[in-house]
Amino acid sequence: MIEIEKVRKSFGALEVLKGIDLIVANGEVVTIIGGSGSGKSTLLTCINGLEAVDSGRVLIDGTEVHARSTNLNKLRQNVGIVFQQFNAFPHLTVLENVMLAPRKVKGMAKPEAEAMAVKQLTHVGLADKLRVYPSRLSGGQQQRMAIARALAMSPAYMLFDEVTSALDPQLVGEVLDTLKMLAEEGMTMICVTHEMSFARDVSDRVAFFHQGIMAEIGRPDQLFGAPQNPETQKFLSNVR
Amino acid sequence: MFETALTGNDLLFLAKGAGMTLAVTGVSVAAGTLMGIIFGVLRTQFGPWWSMPLTFVLDIFRSVPLLIQLVLANAFQAIAQWGWPPFTTSCVVLSLYTAAYCTEIVRGGIDSVPVTTRRAARSLGLTWGQDMRYIVGPLATRVSLPAWIGLTLGVMKDSALVLWLGLTELLKSSQILITRLQEPLFILLICGAFYFVLSFPIARLGGYLERRWSPND
């Protein structure tokens, strides 16, 4: 379970998160929508401790992320994150990209890590690209590799930060299909996205962020069908 | 026909000088690179403000002519009664000179690795050290290699200046032969050929590594 309590975060004078409360149950898929600069992505980086919070706290299975005593490297093994940029390690093959963290962080033996990597890469449909370098992959393939790389750590939670935003339109579908597959398998996910139809189809709940505040949250049919907050209504009428 | 008084023994003498050039260069580049890596990492970790004292000292080594550094260092070690032989003094000065340039090369290499790539590495649970070793190190090395090869070749040629401290390296050996045999052009030609033979493998090694790494980018 991910518990976010009254999280506030500023960059200089700009307050990006103005007290966010959100609880994500195991097996739940929550998508976050909202305009740019609404704090969606910042929240994700606060959840896995890449960013510090100014006040409030984030608990993952009861462990406080930003406590001094928390071993972030250990905690991050359980919380995978995929970013807008694909962030492939260009000097490693696809297989090596996925094997690196299981080997070095979890200390898996090479055959074991390789088996895990092959399994995850097959899962995202890259079984035929194991030995190539990321530069030979399309954007969609690189992004699926990044997903497999995160999954190879067997995380209980996955965070997706606008993972289709940097893709050519014709490549968006293959990545969204991978996310749908994960959702159907019961992965606990928080997805920041601009893909409204994806949010509608896949989420258990959709949250709308506006200027650092979670303006509205609800089931997709509620939020898209009958939005209560005027800012949500304005945002949805603009993106449609 | 062409005649010369140069004997096989003289060639051996030149080769010994080349050996000294190689020794001074090897020690200085190895020590200088090691220091450059440490200083470069420190500079990127502490940011421009906190590393200002370090940057300032390294700037001195980059801006004062090497000959002046050598002569001053030699005088200083004599005054301080450290009793350094010329080889030690030469290597210390050349190492710091190399380190000053290498620091900038390393810093540039580290800065060339996208922050987002490093974030991705850290978010997989890799520690700072693992990120440095498995991601930043290899990527920065690729970017820095051409500049580092250039620095190494430069230091090898600049090392000729240590003759002012009395070390008989390649250029000094040539001068001795020129004084004795009075065939300056021919001997300098051979001396140049020696420098080329020393430099060529390093330059080719750089080219080879660049080719080997390039299909991966």
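# Guided tour of a predicted two-chain model

Start with chain A: among its contacts between residues at least 6 apart in sequence, 62% join residues at least 24 apart. Keep in mind from here on that the model is predicted.

**Chain A as a whole**

Colour chain A by secondary structure, and nine helices and 10 strands appear. Reduced to its C-alpha trace, chain A spans about 55 × 45 × 30 Å along its principal axes. The radius of gyration of chain A is 18 Å, which agrees with the value near 18 Å for a compact globule because the chain has 240 residues. Of those 240 residues in chain A, buried ones make up 46%.

**Strand 9 and its two partners**

Select residues 205-210 of chain A, which form strand 9. Are these residues mostly covered or not? Five of the six residues in strand 9 of chain A are buried.

Now add residues 29-34 of chain A, which are strand 3. Strand 3 and strand 9 of chain A run parallel and are joined by five bridges. To see one pairing, pick T31(A) and its bridge partner in strand 9 of chain A, V206(A).

Next add strand 10 of chain A, residues 213-218. Here the pairing with strand 9 of chain A is antiparallel, again over five bridges. F209(A) is a place to look, with M214(A) of strand 10 of chain A standing opposite. Strands 9 and 10 of chain A form a hairpin with two residues between the strands. Select Q211(A) in this hairpin and check its backbone: phi is positive, near 50°.

**L43(A) in helix 1**

Move to residues 40-47 of chain A, helix 1, and select L43(A) within them. Why does L43(A) count as buried? It has 28 C-beta neighbours inside 10 Å, and 20 are enough for that class. Leaving out neighbours within four places in sequence, L43(A) is in contact with L17(A) and I20(A). Draw a distance from L43(A) to D161(A) as well: their C-alpha atoms are 9.8 Å apart, although 118 residues separate the two along the chain.

**The nonpolar core**

In soluble globular proteins, nonpolar side chains tend to be buried together. The largest nonpolar core in this model has 118 residues, of which I47(A), V98(A), A148(A), L159(A) and F160(A) touch the most other members. The element that gives the most to this core is helix 4 of chain B, residues 86-112, with 12 residues.

Zoom in on F160(A). Setting aside residues up to four places away in sequence, F160(A) touches V82(A), L179(A), M189(A), C191(A) and V192(A).

**Where the chains meet**

Show both chains and select the contact: it takes 20 residues from chain A and 17 residues from chain B. On the side of chain B that touches chain A, helix 5 (115-123) and helix 6 (128-158) of chain B each supply at least two residues. Which helix of chain B gives the most to that side? Helix 5 of chain B does, with six residues. Coloured by class, the side of chain B that touches chain A shows seven nonpolar, seven polar and three charged residues.

**Confidence**

Finish by colouring chain B by pLDDT. The mean for chain B is 92, and 98% of its residues reach 70 or more. Confidence in chain B is highest in helix 4, at 95, and lowest in helix 8 (residues 184-213), at a mean of 91. For the complex, the predictor gives an ipTM of 0.86 and a pTM of 0.85.

Terms used
Residues are numbered from 1 along each chain as its sequence is written. Chains are lettered from A and ligands numbered from 1 in the order in which they are written. This is a predicted model: local features need pLDDT of at least 70, side-chain atom pairs count only at pLDDT 80 or more; totals for chains, interfaces and linings use all residues. A nonpolar core is a set of buried Ala, Val, Leu, Ile, Met, Phe, Trp, Tyr and Cys residues joined through C-beta atoms within 7 Å. A residue is buried if 20 or more other C-beta atoms lie within 10 Å of its own, exposed if 12 or fewer, and partly exposed in between; C-beta atoms are placed from the backbone. Helices (H or I, at least four residues) and strands (E, at least two) are DSSP runs, numbered from the N terminus. Two residues are in contact if their C-beta atoms, placed from the backbone, lie within 7 Å. Ala, Val, Leu, Ile, Met, Phe, Trp, Tyr, Cys and Pro count as nonpolar, Asp, Glu, Lys and Arg as charged, and the others, Gly among them, as polar. The radius of gyration is taken over C-alpha atoms; the globule rule is 2.2 Å times the number of residues to the power 0.38. pLDDT is the predictor's confidence in each residue, from 0 to 100. Two strands pair if DSSP finds at least two bridges between them.
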